[in-house]
Amino acid sequence: MSNAPLLEVKDLRKYYEVKSFLKAPKAVKALDGVSFSLARGKTLAVVGESGCGKSTLAKTLMLIEEPTSGEVFLEGKAMSALPAADWRKSVQMIFQDPYSSLNPRKKALDIIAEPLVIAGGLSKDEIYDRARKMMQKVGLRPEFEQRYPHMFSGGQRQRLGIARALMLQPKVLICDEPVSALDVSIQAQVLNLLMDLQDEFQLSYLFISHDLSIVRHIADDVLVMYLGQIMEKGPRDRVFANPQHPYTRALLASHPDLTAMKGPRATLEGELPSPLNPPLGCPFQGRCPYVMLVCRDIRPPLYEVDGRRSACHLHAPDLKAGEASGSKPEIARRDGILTASL
Ligand code: SF4
């Protein structure tokens, strides 16, 4: 089997032009140079505050939004070169609120069967046979076949959404906050179902979530986003045990149960800057306790550090102690790794 990643996103950008009266149009950079890869059978969690670009990323991968530039590859084939129908067979999505994405006038079995009906090529018997098997697979009993979406509980509706998404046998499932609308006890059941289905079908998940305890539970790798850019990406255990980017550290600071992070736990203060007027240089500079002069003008690259990547000038090999903000002389690095004194 090829070692190529199943899904590869390269320098993806999505800019929205915003016009205003008597002023030059501005660009909102919802995604600004995002690159990552997702391996077969693995889960990559995307985390960050609302407005960080998570939803735009999902919409772009689902062909709902057209990228401004960059490319996405599935098994080496470019998204822009594949017919939309072929792409959608391989990349499907489940939503935070399945109710709004389920046709209220259709019965459960018809909803599940619909993607195959649209795709064509199979007999009705074959399609409905597969739909019944899928219903069973996601834990919906056969007597639910003729029920309408409003007759299901939230957890059952999410199972319905999952069943429908899997009917085309996709390789990648984009999970957009799939359990955040559910009770905690139901969340665990749906997450367990997703993990069982991943094992059985070797599915790859792009798992968008603001809930770090769920991410800690389900992810193999983590991508931390801020204002359309990647702040940190790497294996879950490394990111949670010793976050390297000041933004990741701030996100995790309020979850002492999830991280073994040592040192001061600066929490996240201030607001996300307006995407209409983002700062030059590092996007996190306005909220970062370690901001330096260089952060004001130059966007930090993603440095390789301690087995993951982190976009912060503190990792620059040539950073001199004197460049650090005078108010934070305790910043310490060893071989580019931020140590407990951060
Ligand atoms: Fe803070 Fe500067 Fe690093 Fe940005 S680049 S996170 S402002 S230290």
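Two strands count as paired here if DSSP finds at least two bridges between them. Keep that cut-off handy for the exercises below, and remember that this is a predicted model.

**Exercise 1. Work out the strand order of the 8-stranded open sheet, and find which strands stand at its edges.**

Solution.
- Step 1: Trace the pairings across the sheet. The order comes out as 6-7-8-3-9-10-12-11, and the pairing is mixed.
- Step 2: Look at the two ends. Strand 6 (91–94) and strand 11 (303–305) each have a single partner strand, so one side of each has no neighbour in the sheet.
- Step 3: Check the twist. On average, neighbouring strands in this sheet are turned by 20 degrees against each other, direction ignored.
- Step 4: Zoom in on one end. Strand 11 pairs with strand 12 (residues 308–310) in the antiparallel sense, over 3 bridges. Here Tyr-303 sits opposite Ser-310 of strand 12.

**Exercise 2. Say which strands helix 6 and helix 10 lie across, and at what angles they run.**

Solution.
- Step 1: Take helix 6 (residues 154–166). This helix lies across strand 6 and strand 7 (172–176), and its direction is at about 175 degrees to strand 6.
- Step 2: Now helix 10 (residues 246–253). Its strands are strand 3 (43–47), strand 9 (221–226) and strand 10 (229–235), and helix 10 runs at about 105 degrees to strand 9.

**Exercise 3. Build up the 4-stranded open sheet, pair by pair.**

Solution.
- Step 1: Start with strand 1 (residues 7–20) and strand 4 (residues 69–74), which are antiparallel partners over 5 bridges. Arg-13 faces Ser-69 of strand 4 in this pair.
- Step 2: Add strand 5 (residues 77–78), joined to strand 4 by 2 bridges, again antiparallel. That just meets the cut-off of at least two bridges. Phe-73 has Ala-78 as its bridge partner, while Leu-74 has Lys-77.
- Step 3: Inspect the turn. Strands 4 and 5 make a hairpin with 2 residues between them, and Glu-75 in the turn has a positive phi of about 50 degrees.
- Step 4: Write down the whole sheet: 2-1-4-5, with antiparallel pairing. Strand 2 (23–38) and strand 5 are the edge strands; each has a single partner strand, so one side of each is left without a neighbour in the sheet.
- Step 5: Put the helix on. Helix 1 (residues 54–61) packs on this sheet, touching strand 1, strand 2 and strand 4, and makes about 110 degrees with the direction of strand 1.

**Exercise 4. Describe how domain 1 and domain 2 meet.**

Solution.
- Step 1: Set the bounds. Domain 1 covers 7–219 and domain 2 covers 243–338.
- Step 2: Get the spacing. Their C-alpha centres are 32 Å apart.
- Step 3: See who takes part. Domain 1 gives 15 residues to the contact and domain 2 gives 12 residues.
- Step 4: Size up the interface. About 1,100 Å² is buried between the two domains, with carbon and sulfur atoms giving 60% of that area.

**Exercise 5. Characterise the shell around the ligand.**

Solution.
- Step 1: Count residues within 4 Å. There are 13 around the ligand, and the closest are Cys-282, Cys-288, Cys-295, Cys-312 and His-313.
- Step 2: Sort the shell by class. The tally is 10 nonpolar, 3 polar and no charged residues.

How values were computed:
Residues are numbered from 1 along each chain as its sequence is written. This is a predicted model: local features need pLDDT of at least 70, side-chain atom pairs count only at pLDDT 80 or more; totals for chains, interfaces and linings use all residues. Side-chain values use heavy atoms; hydrogens and water are left out. Ala, Val, Leu, Ile, Met, Phe, Trp, Tyr, Cys and Pro count as nonpolar, Asp, Glu, Lys and Arg as charged, and the others, Gly among them, as polar. Axes are lines fitted to C-alpha atoms, for helices over the stretch in contact, and angles run from 0 to 180 degrees between N-to-C directions. Contact means heavy atoms within 4.5 Å. Domain bounds come from an automatic or database domain assignment. Buried area is the accessible area (1.4 Å probe) that two parts lose on being put together, summed over both.
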